[in-house]
Amino acid sequence: MAEAKLRASERQLRDLLAAIPAAIYTTDADGTITFFNEAAVELSGRVPQIGKDKWCVTWKLFWPDGSPLPHDQCPMAVALKEGRPIRNAEAVAERPDGVRIPFIPYPTPLRDEDGKIVGGINMLVDISERKQAETQQRLLFNELNHRVKNNMQMLQSLLSLAGQRAANPQAREILREAGNRVAAMAAAQQVLYETVDSTQFNAKGFLLAVCGTIKQTFPKEVAVEFEADDAKLSNDVAMPLALILNELLTNAIKYGTPDGAGTIRVGLRRDVDGFQVFVEDSGPGFDLASVRDRSSGLKLVQGLARQLHGKLVVTKEPKTRCSIRFS
């Protein structure tokens, strides 16, 4: 009677697994296939051989980057060899007809009452539709970035042309400054476009790209030193930060490089309160309270700092430094 109840329980479990629409299979402790459902046949494009095939029901396996994944190194093999469930992994199954299916596996070791591994169970979730949606989203994002970049380049060209034709020196300066701001924003936009993550960007790459663009307008006698932590920042801060760097670097060139030569240090670091961006030069410095009402650039920096929930601070020792801490 006990054996009959056990067989009935096993049949009930197999019927349950067979009814699940996701690809499911089981193995013994050595990784040999002991059961698979119809969804596993549909995903793999083949009928696995019970008692012969090992580790996975698929024909061939690949990593998401396209490199081959040996079956004895697949997530199910790792789960059984190391005695732990494997999560957050992705792989690609190739069917005998050549079609490739991206999937997420959920291999889990099965243990007896004494804790000994007696087999494993794995569920393969087809993520083809998700990958197609991500690809479509990326194409739309690329098209949007392409249009934004072209519009920024066109705007920068128009500002440059208007500046060349302007007879008034003050108007030429205003147009030049506006063109530089657009160039800094375009550099930030390019960084956001090239990043893999759609919500964050790398601080170090961002600083090098934006400051490198701004530096093109500097005299050759001025050197710029960069230092940045390899940290992630939210995309929301990219444009304000690019404009802040443009204004502070422009200010450093005007007032912080005696005789049109010298070195400017630019940094973007992580600290206990979040992040700190700074520009440091060898100039005499200035009192922020006394000049901010006369400088449109510093007013812009203060407004952008508030947007980042930060505050512009100016110190004169040991060198003049303009810095903003933000979360």
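**Entry 1: a pair of strands and their sheet**

I began at leucine 312, which stands opposite isoleucine 324 in strand S14. Before going on, I noted that this is a predicted model, where local features need pLDDT of at least 70, side-chain atom pairs count only at pLDDT 80 or more, and totals for chains, interfaces and linings use all residues. Residues are numbered from 1 along each chain as its sequence is written, and side-chain values use heavy atoms, with hydrogens and water left out.

For the names, I kept in mind that helices (H or I, at least four residues) and strands (E, at least two) are DSSP runs, numbered from the N terminus. S13 and S14 (residues 320–326) run antiparallel and are joined by 5 bridges; two strands pair if DSSP finds at least two bridges between them.

Next I looked up the sheet around them. I found an open sheet of 5 strands with mixed pairing, in the order S9-S11-S12-S14-S13. Its edge strands are S9 (222–228) and S13 (311–315), each pairing on one side only. On average, neighbouring strands here are turned by 15° against each other, direction ignored. Helix H9 (residues 296–307) packs on this sheet and touches S13 and S14; the direction of H9 makes about 130° with that of S13. Contact here means heavy atoms within 4.5 Å. Axes are lines fitted to C-alpha atoms, for helices over the stretch in contact, and angles run from 0 to 180 degrees between N-to-C directions.

**Entry 2: S1 and its partners**

How many of the 6 residues of S1 are buried? I counted 5, so S1 is largely enclosed by the rest of the structure. Buried means under 20% relative accessible area, exposed over 50%, partly exposed in between (1.4 Å probe, protein chains only).

S1 pairs with S7 in the antiparallel sense over 6 bridges, and isoleucine 24 has methionine 123 in S7 as its bridge partner. With strand S2 (residues 33–36), S1 forms 3 bridges, again antiparallel. Here threonine 27 is matched with isoleucine 33. S1 and S2 make a hairpin with 4 residues between them, and glycine 31 in the turn has a positive phi of about 95°.

**Entry 3: S5 and helix H3**

Strand S5 (residues 100–105) is mostly covered, with 5 of its 6 residues buried. Strand S4 (residues 91–94) pairs with S5 in the antiparallel sense over 4 bridges, with glutamate 94 and arginine 100 as bridge partners. The hairpin of S4 and S5 has 5 residues in between, and its turn holds glycine 98 with a positive phi of about 95°. S5 also runs antiparallel to strand S7 (residues 117–126), joined by 3 bridges; one of the pairings is phenylalanine 103 with aspartate 126.

I then turned to helix H3 (residues 75–82), where Pro75, Met76, Ala77, Ala79 and Leu80 are buried. What covers them? The cover includes S1 (23–28), S5, S6 (108–111) and S7. After H3 comes glycine 83, with a positive phi near 65°.

**Entry 4: helices in a row**

Helix H4 (residues 128–165) and H5 pack at about 165°, their axes 9 Å apart. That makes H4 roughly antiparallel to H5: angles under 35 degrees count as roughly parallel, over 145 as roughly antiparallel, 65 to 115 as roughly perpendicular and the rest as oblique. H4 passes H5 in a left-handed crossing. (A crossing is left-handed if the near helix is turned anticlockwise from the far one by less than a right angle, and right-handed if clockwise.)

H5 (residues 169–194) and H6 pack at about 150° with axes 9 Å apart, and are therefore roughly antiparallel to each other. Their crossing is right-handed. The contact includes Ala183, Ala187 and Val191 of H5 and Phe206, Val210 and Ile214 of H6. By class, this contact of H5 with H6 has 9 nonpolar, 2 polar and no charged residues; Ala, Val, Leu, Ile, Met, Phe, Trp, Tyr, Cys and Pro count as nonpolar, Asp, Glu, Lys and Arg as charged, and the others, Gly among them, as polar.

Last, I checked H6 (residues 203–215) against H7 (residues 238–255): their axes come within 10 Å and cross at roughly 45°. That makes H6 oblique to H7. In their contact, Phe206, Leu207, Val210, Cys211 and Ile214 of H6 meet residues of H7, among them Leu241, Leu245 and Leu249. I noted 10 nonpolar, 1 polar and no charged residues in this contact.
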